[in-house]
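Open the model in your viewer and have the selection tool ready. The stops below go from one strand to its partners, and then to a pair of cysteines.

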Amino acid sequence: MAIVDVTDQTFAKDVESADAGTVLVDFWAQWCGPCRMLAPILEEVDAELGDQLKIAKVNVDHNPETAGRYGIMSIPTLMVFKNGEMVAKIPGLQPKEQLIEWLKQHF
């Protein structure tokens with residue numbers, strides 16, 4: 001499954017709807033170095049776990065409403081949503097192996 005860009009307008013449909021399944025949301029910004037370092041890691045996670053979860057990216061500069069609603073204070077911040085509910089949150093750049101272990105707790 002491809003990584004999708006989500007906006008303030010599409011967040012409810014793509015992430016918070018009950019039939020969205022398990023969604024990993026990456027809150028990021030273009031100017032953020034660690035965010036850019038996380039992007040290829042998320043591509044690898046998508047290649048390995050893409051059949052079990054959807055990965056969505058929210059640019060906090062372009063979508064301040066969603067970032068504000070979830071209290072994003074630092075980026076990157078990753079959140080796991082399951083059936084529309086936020087079940088886990090982890091701030092900062094994560095190594096791929098650690099990220100996959102964290103995600104597997106929520107399947």
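Start by selecting F27 and T77: in this predicted model, T77 of β4 is the bridge partner of F27.

Now extend the selection on both sides. Strand β2 covers residues 22-28, and six bridges join it to β4. The two strands, β2 and β4, run antiparallel.

Next, select β4 by itself, residues 77-82. Is this strand mostly covered or mostly uncovered? Turn on a surface to look: five of the six residues of β4 are buried, so by the cut-off each of those five has under 20% relative accessible area.

Keep β4 on screen and add strand β5, residues 85-91. β5 pairs with β4 in the antiparallel sense, again over six bridges. For a single pair to label, pick L78 and I90: I90 in β5 is the bridge partner of L78.

Follow the chain from β4 into β5. The two strands form a hairpin, with two residues between them. Select N83 in the turn and check its backbone: the phi of N83 is positive, at about 50 degrees.

Leave the strands and select C32 and C35. What links these two residues? C32 and C35 form a disulfide, with their sulfur atoms 2.4 Å apart. A disulfide is a covalent bond between the sulfur atoms of two cysteines. Looking along the S-S bond, the angle about it is 80 degrees, and the link of C32 and C35 is right-handed. Both cysteines, C32 and C35, are buried. There is no second such link to look for, since a search of the whole structure finds one disulfide.

Notes. Residues are numbered from 1 along each chain as its sequence is written. This is a predicted model: local features need pLDDT of at least 70, side-chain atom pairs count only at pLDDT 80 or more; totals for chains, interfaces and linings use all residues. Side-chain values use heavy atoms; hydrogens and water are left out. A disulfide is a pair of cysteine sulfur atoms within 2.5 Å. Buried means under 20% relative accessible area, exposed over 50%, partly exposed in between (1.4 Å probe, protein chains only). Helices (H or I, at least four residues) and strands (E, at least two) are DSSP runs, numbered from the N terminus. Two strands pair if DSSP finds at least two bridges between them.
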